[in-house]
Amino acid sequence: MIEPSIQLSDAEIRRFEEEGYLSIDRITSDEDLEGIRQAYEELFELRSGHDQGDHFDLAGADDEGQPPKLPQILNPARYAPALEQTLYRANAQAIARQLLGPEAEFQFDHAIYKPPRHGAETPWHQDEAYWNPDMEYQSLSIWMPLQEVDAENGCMHFIPGSHRLEVLPHRPIGGDPRVHGLETLEADSSLAVACPLPAGGATIHPGRTLHYAPANHSDRPRRAYILSFGLPPRPLDKPRRFPWLEARQTAREERARNND
Ligand code: NI
């Protein structure tokens with residue numbers, strides 16, 4: 001068990017509550033970051049999790065033989081257990097407990113890789129649009145870049161205050177039901193705030209904050225490693241419908257089904 005080395009200030013906690021996101025310059029050590037980078041590169045080289053449906057193209061139809069537009073690995077720590085024993089994870093958990101309460105637990109991790117001059121944009125969305133509409137969530141995601149990020153190579157953008165919205169209508173990216181990634185056409189991007197960060201910095205946002213990341217226009221890969229934490233989800237009194245999830249038919253779900 002690694003001891004956390006970070007604590008948010010009261011001003012940071014207030015900013016998170018008011019704006020619906022927070023950006024911090026440092027969440028882990030250089031040494032920890034280097035270990036994560038090595039595990040991360042190996043996972044993408046080996047296409048770990050492909051057969052389980054955990055490694056797929058977030059923005060394309062995942063056709064075999066096509067280079068992925070936005071390669072992503074769900075649950076990378078399953079394939080690289082060293083990722084469970086990082087200072088990043090200990091610090092992310094400490095932050096989640098400051099923001100959500102001591103019951104907050106790790107929920108899942110994912111890795112989004114944007115190849116140089118190749119990565120697609122991650123369109124505007126709310127994370128909760130991906131989740132079970134029958135449940136109520138109090139969750140947040142901590143997004144750490146493994147190299148410096150800015151608007152040129154795909155840093156995070158947020159719409160302040162959007163965490164107070166309900167879940168907006170979403171659809172698969174480009175309206176293609178074979179695509180796993182979701183987008184909403186109802187975000188007002190003129191309100192967006194960009195969050196450039198050094199390697200090992202982080203942004204933190206809850207499930208309803210509208211966010212977006214541009215394509216990678218630089219000559220270097222853009223790697224981000226995301227950890228999600230939350231309180232145990234509770235059944236909603238008034239169930240919702242997310243029709244964009246009902247219509248989805250992706251190759252990754254097919255692989256996950258065949259692998260069960
Ligand atoms: Ni997201």
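The legends below describe close-up views of a predicted model.

**View 1. The nickel ion and its protein donors.** In this predicted model, the protein donors of the nickel ion are the NE2 atom of His125, an OD atom of Asp127 and the NE2 atom of His211, lying 2.1 Å from the ion. Along the chain, these donors follow the spacing H-x1-D-x83-H. Of the donor residues, His125 and Asp127 are both buried.

**View 2. The largest pocket and the residues that line it.** The space in the largest pocket amounts to about 500 Å³. Its lining is made up of 25 residues, and those nearest the centre of the pocket are Gln72, Leu74, Phe108, His110 and Tyr130. Several strands contribute, since at least two lining residues come from each of β3 (71-74), β4 (105-114), β5 (122-125), β7 (139-145), β13 (211-213) and β14 (222-230). When the lining residues of the largest pocket are sorted by class, 10 are nonpolar, 10 are polar and five are charged.

**View 3. The second largest pocket.** This second largest pocket holds about 370 Å³ of space. It is lined by 19 residues, among which Tyr137, Gln138, Ser139, Pro206 and Gly207 are the closest to the centre. Two or more residues of this lining are given by each of α1 (10-19), α4 and β6 (135-136). The lining of the second largest pocket is divided by class into eight nonpolar, five polar and six charged residues.

**View 4. Helix α4 and the glycine that follows.** Helix α4 runs over residues 87-100, and at 1.5 Å a residue its 14 residues should span 20 Å, which agrees with the 20 Å between its end C-alpha atoms. Because 12 of these 14 residues are buried, the helix is largely enclosed by the rest of the structure. Among the buried residues of α4 are Leu87, Tyr88, Arg89 and Asn91, together with Leu99 and Leu100. Just after the helix comes Gly101, which takes a positive phi of about 115°.

**View 5. Two stacked aromatic pairs.** The structure holds eight aromatic pairs. One of them is the stacked pair of Tyr21 and Phe158, with 4.8 Å from centre to centre and 10° between the planes. This pair links distant parts of the chain, as Tyr21 lies in the loop between α1 and β1 (22-24) while Phe158 lies in strand β8 (residues 156-158), 137 residues apart. Both Tyr21 and Phe158 are buried. Trwo further rings, those of Trp124 and Tyr212, also form a stacked pair, with 5.2 Å centre to centre and 20° between the planes. Trp124 belongs to strand β5 and Tyr212 to strand β13, so the pair ties together parts that are 88 residues apart in sequence. Trp124 and Tyr212 are likewise buried.

**View 6. An aromatic cluster.** The residues Tyr40, Phe44 and Tyr113 form one aromatic cluster.

**View 7. Asn75 and its backbone angle.** Most residues other than glycine have a negative phi. Asn75, although it is not a glycine, has a positive phi of about 55°. This residue is found in the loop between β3 and α3 (76-79). With a relative accessible area of 16%, Asn75 counts as buried, because the cut-off for that term is under 20%.

Note on methods: Residues are numbered from 1 along each chain as its sequence is written. This is a predicted model: local features need pLDDT of at least 70, side-chain atom pairs count only at pLDDT 80 or more; totals for chains, interfaces and linings use all residues. Side-chain values use heavy atoms; hydrogens and water are left out. Helices (H or I, at least four residues) and strands (E, at least two) are DSSP runs, numbered from the N terminus. The expected span of a helix is 1.5 Å times one less than its number of residues. Buried means under 20% relative accessible area, exposed over 50%, partly exposed in between (1.4 Å probe, protein chains only). Donors are N, O and S atoms within 2.8 Å of the metal (3.2 Å for Na, K and Ca); water is not among the atoms, so sites may look incomplete. On a 1 Å grid over the protein atoms alone, a cavity is a set of points where a 1.4 Å probe fits but cannot get out, and a pocket is an open set with protein on both sides within 12 Å along at least five of seven lines; lining residues have an atom within 4 Å of a point. Grid points are joined across faces, edges and corners, and a volume is the space filled by probe spheres set on the points. Ala, Val, Leu, Ile, Met, Phe, Trp, Tyr, Cys and Pro count as nonpolar, Asp, Glu, Lys and Arg as charged, and the others, Gly among them, as polar. Rings of Phe, Tyr and Trp (its six-membered ring) pair if their centres lie within 6.5 Å; planes under 30 degrees apart count as stacked, over 60 as edge-to-face and the rest as tilted.
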